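Here is a short tour of one protein model, written for someone who likes to check geometry by eye. Keep the viewer open and follow along.

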Amino acid sequence: MTTTSTTAATTSANEKSATAEVVVIGGGAAGLAASIVLARSLRSVIVVDAGSPRNAASAHAHNVLGNEGINPRDLIADGRREAERYGVGFIDSTVESAGRLDEGDDSDFLIETAAGHRVSARRVIIATGLTDELPDIPGLVEGWGSTVLHCPYCHGYEVRGQNIGIIGTTAMSYHQAMMFSQLSDRVTFLRHNAPEPDETQRRMLVSLDIAYVDAAVEAVERTGAGTVVTLRDNEARTTLRDNQAGITLRDNEAGTVLRNNEHGTTPHSNRAGTDSAPSNLTFDALAVGPYFRANGEVFEQLGGTVVAHPTGMGTSIPAEANGATAVPGVWAVGNSADISAMVVASAASGVMVGAQVNAELIMSSVS
């Protein structure tokens, strides 16, 4: 077995060609964990990474055992130093093209980077993660990772007890509101683009005392008083009727309960002002469900197909539980294959896949 350290590829412009047993595309928690496991099994590994982690906008990473609250970039820097100590080579660039050196599923792979590197490898691990695509609302992206959140487990504790607005994007946004209601008794659901709540979701809103505003979010602005949300009447708005059990919805601004009257008419929940003029609500924090788009360009170049997630919340690289994909020799880890994976879960998938790839390489040499 030949082990090759290719660290020089990151420092010398003259060394543009490298060979390794495994190339890992992406140097986040999943990719680094996989590379360390492989390097500790005396595999030669090269990681190609552009240095743009998904959680870069966050100041802290939580639920990271032994490193609670660590800055995500510090976590990655520590992981990279650990990988380098085992001889993992790094190329700081993006992948320009990916394919096989020859025809046939047993052929080695060739990865070419935007910086002009050419890396050949027997196996490829895709650890490119995903991109959070936020709704096209002016001012929303500026607060991403601080006052605009997604995961109640990642950042919910930090906004506990605060006035939290949930911007609806899909049916799963109601689940998001439910989770944040455990952290605060001041949660308001802003329907925006989410579908009208069904019977179960209506019961959930009422049972958990979540205020409901049937309006679209027009703009978001961070001020000294908090995060101001400008609303407009939801053009797609449909009426919410009380069911036979007497379900009611609480109006956000007035705090009153809206009920069907004796004549059977159906009032709307908060319309956020008049039809002709928007109104504003101020929150301490906003939660929104992005569209989780898998960064699957490399996987597609290698012959794979990125698929829609069953929830409709995004796309992912289809992979088996052990990380193997339908493309022979190609594996997927972390958020590339699991849109719900947090930092530790992504790292755990990297450890498992690294072990699987090492075992698969051993078996490939058995006659």
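The report below goes through two sheets, several salt bridges and a pocket. Please bear in mind throughout that this is a predicted model.

## The three-strand sheet

Let's begin with an open sheet of three strands, ordered E12-E13-E16 and paired in the antiparallel sense. Strand E12 (215–223) and strand E16 (279–283) are its edge strands, and each of them pairs on one side only. From one strand to the next, the twist averages 25 degrees.

Strand E13, which covers residues 226–233, is joined to E16 by five bridges in an antiparallel pairing. If you want a spot to zoom in on, look at Val229, which stands opposite Leu281 in E16.

## The five-strand sheet

Another open sheet is built from five strands in the order E8-E17-E9-E10-E11, and here the pairing is parallel. Strand E8 (148–149) and E11 stand at the edges with a single partner strand each, so one side of each has no neighbour in the sheet.

E8 pairs with strand E17 (residues 285–288) through two bridges, in the parallel sense. Leu149 has Ala287 as its bridge partner in E17. As background, strands of a sheet pair through backbone hydrogen bonds, either parallel or antiparallel.

## Salt bridges

Side chains of opposite charge can pair when their charged atoms come close. With a cut-off of 4 Å between a side-chain nitrogen of Lys or Arg and a carboxyl oxygen of Asp or Glu, the count comes to 15 salt bridges. One of them joins Arg191 and Asp214, whose closest N and O atoms are 2.8 Å apart. This pair links distant parts of the chain, 23 residues apart: Arg191 sits in the loop between strand E10 (187–190) and helix H5 (199–207), while Asp214 sits in the loop between strand E11 (211–213) and E12. Are these two residues buried or exposed? Both Arg191 and Asp214 are buried.

Within helix H5 you will find Glu199 and Arg202, whose side chains meet in a salt bridge at 2.5 Å, N to O. They are separated by about one helical turn, because they are three residues apart in H5. Glu199 is partly exposed, at a relative accessible area of 29%, whereas Arg202 counts as buried, at 14% relative accessibility.

The three-strand sheet has a salt bridge too: the side chains of Arg232 and Glu218 meet at 3.8 Å, N to O. Arg232 belongs to strand E13 and Glu218 to strand E12, so the pair ties together parts 14 residues apart in sequence. Arg232 counts as partly exposed, with 32% relative accessibility, and Glu218 is also partly exposed, at 36%. Elsewhere, Glu21, Arg43 and Arg122 are joined into one network by salt bridges that share partners.

## The second largest pocket

Now for the second largest pocket, which has a volume of about 330 Å³. Its lining is made of 16 residues, and those closest to the centre are Ala29, Val64, Asn67, Leu75 and Ala347.

Which helices each supply at least two residues of this lining? They are helix H1 (29–40), helix H2 (72–85) and helix H7 (343–364). H2 gives the largest share, five residues. Sorted by class, the lining has twelve nonpolar, two polar and two charged residues.

Notes
Residues numbered from 1 in each chain as written. Predicted model: local features only at pLDDT ≥ 70, side-chain atom pairs only at ≥ 80, totals over all residues. Heavy atoms only, no water. Pairing = 2+ DSSP bridges. Helix = DSSP H or I, 4+ residues; strand = E, 2+ residues; numbered from the N terminus. Axes fitted to C-alpha atoms, helices over the stretch in contact; angles between N-to-C directions. Buried < 20%, exposed > 50% of the residue type's maximum accessible area, 1.4 Å probe, protein only. 1 Å grid on protein atoms, 1.4 Å probe; cavity = no way out; pocket = protein on both sides within 12 Å on 5 of 7 lines; lining within 4 Å. Points joined across faces, edges and corners; volume = space filled by probe spheres on them. Nonpolar A, V, L, I, M, F, W, Y, C, P; charged D, E, K, R; others polar.
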